[in-house]
Every structure is written in structure tokens, then in C-alpha cells.
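Hi there,

Here is the structure I promised to pass on. Have a look at it first, and my notes on a few backbone and loop positions follow underneath.

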Amino acid sequence: MVIYLDLLIGSTFLVNFSFIKTISLSFKTNISIKRLLISSLVATLSLILYFIPYEFIWNLRHLYGIIIGIVAFSDLDIRTRIIKIISFYLLNYMFIGTLEIFKIHSILFLILTFLYT
């Protein structure tokens with residue numbers, strides 16, 4: 001199996017960027033482009049954890065999602081921030097779950113799944 005790192009990095013960045021922007025639009029809050037880019041970059045850097053074969057490192061992926069949420073969402077109300085982080089997780093799990101259930105390997109179906117999510 002061939003993994004194209006440029007496509008993997010690019011699609012991860014764009015998907016996380018879109019999910020964070022979608023959540024900010026859903027909650028009718030503005031998010032600065034700087035926070036949006038930094039949190040998407042942190043999400044992209046978390047790809048490194050998938051290539052390290054230790055179980056402890058695999059469990060850190062969940063912590064990375066919380067870090068992404070803390071960087072992206074700057075709400076003073078902790079409950080709103082937690083709800084946004086959970087929403088981010090749910091969007092990610094729904095997207096990845098749809099890709100896995102339907103065994104999507106085509107870019108066209110990947111885009112359709114993204115739009116569906």
C-alpha cells in the first residue's frame with residue numbers, strides 16, 4: 001500500500017480546518033484566522049502519533065484533540081469550550097467512521113463523505 005504523505009497532510013489540515021470553522025459557525029462565534037491555522041497545524045502534527053507503534057502514544061491522540069480544542073476555542077465559559085471540544089470529537093469520529101464503514105478509497109467518495117459530515 002502506498003501512502004502519499006502530501007495528500008495525507010493536506011487533507012488532514014483541510015478537514016480539521018473545516019471542522020473547527022464549522023463548529024465556530026454553528027455556535028455563532030468568531031474565531032481568528034491565527035487560532036484556526038494554529039489549531040489545524042497542531043492537528044496535522046498529531047499525524048506523527050499514528051506512526052509510533054506504542055499503546056501509550058496511541059492514547060495520547062485523545063489528549064491531542066483536547067489540545068486542539070483549547071487552542072482553537074477561546075471561550076471564557078468552560079462549559080461552552082467543553083461542548084465545542086466534544087463537537088469536534090464527534091465530527092471527527094463521524095467522518096472517520098463513515099470512511100471506515102463504507103471502505104472509501106476514492107477521492108470523489110472522500111469529498112462526498114466530507115460534505116456529508
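Let me start with Lys 28, which sits in the loop that joins α1 (5-26) to α2 (33-45). Please keep in mind that this is a predicted model.

What is the phi of Lys 28? It is near 55 degrees, a positive value in a residue that is not glycine. As background, most residues other than glycine have a negative phi. Lys 28 has a relative accessible area of 77%, and it counts as exposed because that value is over 50%.

A second lysine deserves a look as well. Lys 103 lies in the loop between α4 (78-101) and α5 (107-116). Its phi is positive too, at about 50 degrees, although Lys 103 is not a glycine. Is Lys 103 buried or exposed? Its relative accessibility is 52%, and the cut-off for exposed is over 50%, so Lys 103 is exposed.

The last position is Ser 74, in the loop that links α3 (55-72) and α4. Ser 74 has 40% relative accessibility, which lies between the 20% and 50% limits and therefore makes it partly exposed.

Which residues does Ser 74 touch, leaving aside those up to four places away in sequence? They are Arg 35 and Arg 81. Ser 74 can also be set against Ser 32: the two are 42 residues apart in sequence, and their C-alpha atoms are 9.6 Å apart in space.

Happy to talk it through whenever suits you.

Best wishes

Key:
Residues are numbered from 1 along each chain as its sequence is written. This is a predicted model: local features need pLDDT of at least 70, side-chain atom pairs count only at pLDDT 80 or more; totals for chains, interfaces and linings use all residues. Side-chain values use heavy atoms; hydrogens and water are left out. Helices (H or I, at least four residues) and strands (E, at least two) are DSSP runs, numbered from the N terminus. Buried means under 20% relative accessible area, exposed over 50%, partly exposed in between (1.4 Å probe, protein chains only). Contact means heavy atoms within 4.5 Å.
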